[in-house]
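Biologist: I'd like a close look at one part of this model rather than a quick tour of everything. Pick a spot, start from a single residue and work outwards from there.

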Amino acid sequence: MTKRAPVDDIDESTLEITEAKDHAAGVPAVLVSLQRAYAQMGAARTVSTLARLNQRHGFDCPGCAWPETPGHRKPAEFCENGAKAVAEEATLRTVTPEFFAQHSVDDLAGKTDYWLGQQGRITHPMVLWAGGSHYEPISWDAAFELIADELRALPSPDDAVFYTSGRTSNEAAFLYQLLIRSYGTNNMPDCSNMCHESSGSALIDAIGIGKGSVSVPDLEQADLILIAGQNPGTNHPRMLSTLEKAKHNGAKIIAINPLPEAGLRRFKDPQKVNGVLGHGVDIADEFLQIRLGGDMALFQGLGRLLLEAEDAAPGTVVDRAFVDQHCAGFDEYEKHIRAVDLDVVLEATGLTEQQLRDTAADLIASKGTVICWAMGLTQHTHAVATIGEAVNLLLVRGMIGKPGAGVCPVRGHSNVQGDRTMGIWEKMPEWFLAALDTEFGITSPRRHGYDTVEAIRAMRDGRASFFMGMGGNFVSATPDTAATEAALRNCTMTVQVSTKLNRSHVVHGRTALILPTLGRTDLDVQASGKQMVSVEDSMSMVHLSRGRLHPVSEHLRSEVAIVCGLARALFGPDHQVRWTAFEGNYDLIRDSIARVVPGCEDYNTRVRRPDGFQLPHPPRDAREFTTSTGKANFSVNPLEWVPTPPGRVILQTLRSHDQYNTTIYGLDDRYRGVSNGRKVIFLHPEDIVELGFADGDLVDLVSEWTAADGTVEERRVHDFRIVPYSTPRGNAAAYYPETNPLVPLDHVAAKSNTPVSKAITVRLEKSGSV
């Protein structure tokens, strides 16, 4: 097999802007998928790998967490971005000790995330010694002892921070949290803290469980689907096939988003004739182009219209039987929502009264309603309350615990939900900790640990000095890049468990280690033979994943093996947890999971079923609500929204179509008409003129945020090209991680502590003016 050279770095001067697309997928998606896969893997590896992607006896996509259709899978059960994710992981390019000898850390620090990721798979464990200029190879045993010595030397276990990305398998996540709690801390920030923590916070209060209540068949059977703050065409493309089937079955779909997204306009399924030769399928029947931060106002306005419709026709709108039997707080909600000012709702949303009334009529007519959302709702200061208002609408109509209805937070990374189920949370409840202690004879700490924002603050302030990342790219995923980088550089040691190079390897502590790990596509052989791992998708289905590719280096270890090797070095051979046995046979891990995690009983048998098994969800399964009241709770929330100050815009950060989370696959956002670059800001044409600029101007973006002491903090990024785009007046959009430096560390959502990346007050200044 031929190793293909990685690409050069980004030259933003070659950036080109063309017209945005009005549809997603189609033949171009197939061609791009094959081109990227061939460039990274070669022809034979491309065919053998993609044929196993998301198949029952294959491996789970390392991209998004959208579930497979139960009962039947297509021959090509993947999307364009899934193919890109696999190509990045199964690449033939390698980053060897010779590469690190040629490139100093300072040299690598001058490269973009895109360039770093394109170099290939890391082949050996590496160490950067204090004061050193280059990473050097280190043996696994020496690496584990070095880390263990550092952890034992800390004044307290709470001086250590252990991060987890959403790609970690259930087995690795379970052992990772077991190691961390055996060590004595709950400092377990994870990627959920930055995306769907607001969803979990709202749903736990409202229905008693922080997960969605619907399945793929529910979406396919729904009468009405509201999709708010989500871009499935790029972030969860396989969802479009589900929406296509829902449309075929008669569903009405309403898209609620500041930007028109190609996937919600029209979908051309490349596995169908009409997707290749025909028009495809129009997905959204209505597009509500809402202002950033206006969703809470929309849901409250709709609630008021539902109550008014109930007044006009008693007994036809409010599901009184459901509300009276299963809900608490309706009277307070009703009193509050009747006082909502519709004029304020229209101002906050930017919608017309007719759009509001038509949407209310759709809710009233529907016998089965699903509300889907993603980060467009979760990354606002009032995110938890906004999601609570969405749940309120469903409760009024009795749309929880019935076919074709419910809540659908669409989570991103492939096993981010499974990580939380397995105990990766800084605030795991007592029942979990007690079960863990009983199973292993340990004493888990009870004090809550640091989430992501608190972990950065702790490292910045000297309250934590050790950082370990189980996957992910912490530096590029987090807000306030300058603060995050300073926090990591303040550590005595940083450890990254990684498949490929990223920014977090060049922003490091005094001593830094890179531990190269197997990916989803890789064959994992341990003492008992070939191993399988399991993952949980967005809809609580747990299924197996089996890698088949021979690893690019004999020095790679699985995440499970890395956790167990570190545990043996840290705790010694007499520790009560059977680390060596777990490393050798993952079935033993699943047996312990079965005894600790409710719903995972008989794990090894059930997960080997063709489609795995579904975890219990009391509201969905039996309209049982394990909340403080024992019922589903209506929430009452003061109306909040995000006005645009004069001479400013409200900026949201987002992904391009050529990236997934912080991984940059390429430089083409095909759906938005951007190619050969990433530093753009999308603005309404009238705002461009009003602010004194023109199409194509280069500007600096300066965020303004008022801190707790009343001072206005400014953060700046340079040289972004203005692109006219369809967006509400006063709103703007730009890609992350390039705009993460603009997001203040302390600008967070109430209750969930999620960074507010969708509502940043920004002014524009001509580039070079400072």
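Modeller: A quick definition to start: a helix here is a DSSP run of H or I with at least four residues, and helices are numbered from the N terminus. Keep in mind that this is a predicted model.

With that in hand, let's start at Thr242, which sits in helix H12. Is Thr242 buried or exposed? Its relative accessibility is 4%, and the cut-off for buried is under 20%, so Thr242 counts as buried. Leaving aside residues up to four places away in sequence, Thr242 touches Trp66, Val216, Leu219 and Glu220.

Now zoom out to the helix itself. H12 covers residues 239-248 and lies across S8, S9 and S14, running at about 150° to S8. Those strands belong to an open sheet of 5 strands, ordered S12-S9-S8-S14-S15, and the pairing is parallel. At the edges are S12 and S15 (406-409), each of which pairs on one side only. From one strand to the next, the twist averages 15°.

Let's go through the sheet pair by pair. S8 (residues 224-228) pairs with S9 in the parallel sense through 5 bridges, and one residue match to look for is Leu226, whose bridge partner in S9 is Ile254. S8 also pairs with S14 (residues 369-373), again parallel and over 5 bridges. There, Ala228 has Trp373 in S14 as its bridge partner. S9 runs parallel to S12 (residues 286-288) as well, joined by 3 bridges, and Ala255 stands opposite Phe287 in S12.

Why can S9 be called largely enclosed by the rest of the structure? S9 spans residues 252-256, and 4 of its 5 residues are buried, so the description follows from that count. Over by S14 and S15, there's another helix to look at: H21 (residues 383-396) lies across both strands and runs at about 170° to S14.

From here, let's turn to the nonpolar cores. As background, nonpolar side chains tend to be buried together in soluble globular proteins. In this model the largest nonpolar core has 65 residues, and Leu175 and Phe466 are the ones with the most contacts inside it. Helix H8 (residues 170-183) gives the most to this core, contributing 9 residues. A second, separate core of 52 residues includes Ile207, Ile290, Leu302 and Val384.

Leu175 is worth a stop. Not counting residues up to four places away in sequence, Leu175 touches Val560, Val563, Cys564, Trp579, Phe582 and Ile589. Leu175 also takes part in a helix-helix meeting, where Asn170, Glu171, Phe174 and Leu175 of H8 face a set in H29 that includes Tyr586, Ile589, Arg590 and Ile593. H8 and H29 (residues 586-596) pack at an angle of about 70°, and their axes are 10 Å apart. That angle makes H8 roughly perpendicular to H29, and the crossing is left-handed.

H8 and H29 turn up again around helix H23 (residues 430-440). Which residues of H23 are buried? They are Phe432, Leu433, Ala435, Leu436, Asp437 and Phe440. Their cover includes H8, H22 (416-421), H28 (579-584) and H29. One last backbone detail: just after H23, Gly441 takes a positive phi of about 70°.

Key:
Residues are numbered from 1 along each chain as its sequence is written. This is a predicted model: local features need pLDDT of at least 70, side-chain atom pairs count only at pLDDT 80 or more; totals for chains, interfaces and linings use all residues. Side-chain values use heavy atoms; hydrogens and water are left out. Buried means under 20% relative accessible area, exposed over 50%, partly exposed in between (1.4 Å probe, protein chains only). Helices (H or I, at least four residues) and strands (E, at least two) are DSSP runs, numbered from the N terminus. Two strands pair if DSSP finds at least two bridges between them. A nonpolar core is a set of buried Ala, Val, Leu, Ile, Met, Phe, Trp, Tyr and Cys residues joined through side-chain atoms within 4.5 Å. Contact means heavy atoms within 4.5 Å. Axes are lines fitted to C-alpha atoms, for helices over the stretch in contact, and angles run from 0 to 180 degrees between N-to-C directions. Angles under 35 degrees count as roughly parallel, over 145 as roughly antiparallel, 65 to 115 as roughly perpendicular and the rest as oblique. A crossing is left-handed if the near helix is turned anticlockwise from the far one by less than a right angle, and right-handed if clockwise.
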